[in-house]
Amino acid sequence: MIVVAGEALIDLVPRPATGATAGAPGGGAEGPLPPLLPRLGGGPYNTAVALGRLGTRTVFCSRVSTDGFGTALLEGLRSARVDTSLVQRGPEPTTLAVASVGSDGSAGYGFYAQGTADRLFELPAQLPPSARALALGTCSLVLEPGASAYEALLRREAGRGVFTLLDPNIRPPVIPDADAYRARFARWLPYVSLLKLSEEDARWLGGVPSGPAAVVLTRGGEGLTVRTRAGAEFAVPAAPVDVVDTIGAGDTVNAALLHRLAALDALSEPALEALGEDRWRDVLGFAARAAAVTCSRTGAEPPYEDELP
């Protein structure tokens, strides 16, 4: 069983303008604002859904609103066969993330997170005894007071030997003090087994850090690279795809890495350090193919197991 902890939110994703709407009134020089389509999202949420769709036993650990969006988020988890027994509920609203999609499919976000439910997450007394791995990341490790509870969860579970994956998934608009965050991030690294970064994350953090047993770097259309604690480095190309948008692609990589490592019985730091080039290329290649499927769809729609060769 893999536990994924962090925020669940609603992505408001722009629908591409059609010929019928391109000349609609009220748009000014740039044309009308595109309609926003609500999509279930949040980095940890997407990772949990992707794991469930791939057939891995998964538990989601978070705090979710009792509003309509929160109910839809829980239904999305359950439809992906994700256990929601560790989900806390609250009357506060659901966080909203307004996405903007560039011409190359890359996504940027603006967040509406003041006073929302996921910020009030509290440390659970314990995780299920069968939990083999814990995945965390994104806004949940930034927005207080919940961030301190998630950090305590990371430290506690790493201390008792649980395999940990961290994806910081840096969102500068929600980080009030960049230097303080970088210092805090450095303090997390001794508790991290597998670190996943995008190239943009690495630049913002000042480089690819050392410490974890392995660091996987996503490089967009250039593929994925892993750097191990022993100094080895292996890479695979991206899988060919017509990109609609990149929303959820990195979250799908998280899930695919954990799913494939579990299949290889490599969810421990010694097992991770023992992986050779062939096994790493297998793991990275699987993650690249899974991410490509997500990029071929609008919003975060990770693949099911039978969609991957």
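This report walks through a predicted model of one protein chain, from its overall build to a few individual residues.

## The whole chain

Let's start with the big picture. The protein chain contains nine helices and 13 strands. Along the principal axes, its C-alpha atoms fill a box of roughly 60 × 45 × 40 Å. A compact globule of 309 residues would have a radius of gyration near 19 Å, and the protein chain agrees, with 19 Å.

Of the 309 residues, 54% are buried. Among the contacts with a separation of 6 or more, 70% are made by residues 24 or more positions apart. The accessible surface of the protein chain is about 13,100 Å², and carbon and sulfur atoms account for 53% of that surface. As for charge, the chain carries 27 positive and 34 negative charges, and the mean positions of these two sets are 4 Å apart.

## Helix α2

Helix α2 covers residues 43–54. At 1.5 Å a residue, its twelve residues should span 16 Å, and the end C-alpha atoms are 17 Å apart, which agrees. Twelve of the twelve residues are buried, so α2 is largely enclosed by the rest of the structure.

If you scan along this helix, the buried residues include Tyr45, Asn46 and Arg53, as well as Gly43 and Pro44. After α2 comes Gly55, with a positive phi near 95°.

## Helix α4 and its cis proline

The way into α4 is worth a look. Pro145 sits in the loop between β8 (133–137) and α4 (146–159). The peptide bond from Glu144 to Pro145 is cis, and its omega is near 5°. For context, most peptide bonds are trans.

The 14 residues of α4 should span 20 Å at 1.5 Å a residue, and its end C-alpha atoms are indeed 20 Å apart. Its buried residues are Gly146, Ala147, Ala149, Tyr150, Glu151, Leu153, Leu154 and Glu157. The cover over these buried residues includes the strands β1 (2–5), β4 (58–65), β8 and β9 (163–167), along with helix α5 (178–188). Just after α4, Gly161 has a positive phi of about 95°.

## Helix α7 and strand β11

Helix α7 spans residues 249–263. Its 15 residues should cover 21 Å at 1.5 Å a residue, and the end C-alpha atoms are 21 Å apart, in agreement. Eleven of those 15 residues are buried, so α7 is largely enclosed by the rest of the structure. The buried set includes Asp251, Asn254 and His259, together with Val253, Leu257 and Leu258.

Val253 also leads us to strand β11 (residues 214–218), where Thr218 is located. Setting aside residues up to four places away in sequence, Thr218 touches Val253, and its other partners are Lys196, Leu197, Ser198, Glu199, Gly223 and Leu224. Thr218 has a relative accessible area of 13%, which is under 20%, so Thr218 counts as buried.

## Two positive phi values outside glycine

Most residues other than glycine have a negative phi. Arg81 is not a glycine, yet its phi is positive, at about 65°. You will find Arg81 in the loop between α3 (68–79) and β5 (83–90). With a relative accessibility of 57%, Arg81 is exposed.

Asp265 is another residue to check. Its phi is positive, near 55°, and Asp265 is not a glycine either. Asp265 comes just after α7, in the loop between α7 and α8 (269–274). The relative accessible area of Asp265 is 55%, over the 50% cut-off, so Asp265 counts as exposed.

## Phe69 in helix α3

Our last stop is Phe69, which lies in helix α3. Its relative accessibility is 35%, so Phe69 counts as partly exposed. Leaving out neighbours within four places in sequence, Phe69 is in contact with Ile10, Thr94 and Leu96.

Pro38 gives another reference point in the model. Phe69 and Pro38 are 31 residues apart in sequence, while their C-alpha atoms are 9.2 Å apart in space.

How values were computed: Residues numbered from 1 in each chain as written. Predicted model: local features only at pLDDT ≥ 70, side-chain atom pairs only at ≥ 80, totals over all residues. Heavy atoms only, no water. Helix = DSSP H or I, 4+ residues; strand = E, 2+ residues; numbered from the N terminus. Expected span 1.5 Å × (residues − 1). Buried < 20%, exposed > 50% of the residue type's maximum accessible area, 1.4 Å probe, protein only. Contact = heavy atoms within 4.5 Å. Rg over C-alpha atoms; globule rule 2.2 N^0.38 Å. Areas by Shrake-Rupley, 256 points an atom, 1.4 Å probe, with all protein chains shown as cover. Lys, Arg positive; Asp, Glu negative; His and termini not counted. Charge placed at Lys NZ, Arg CZ, Asp CG, Glu CD.
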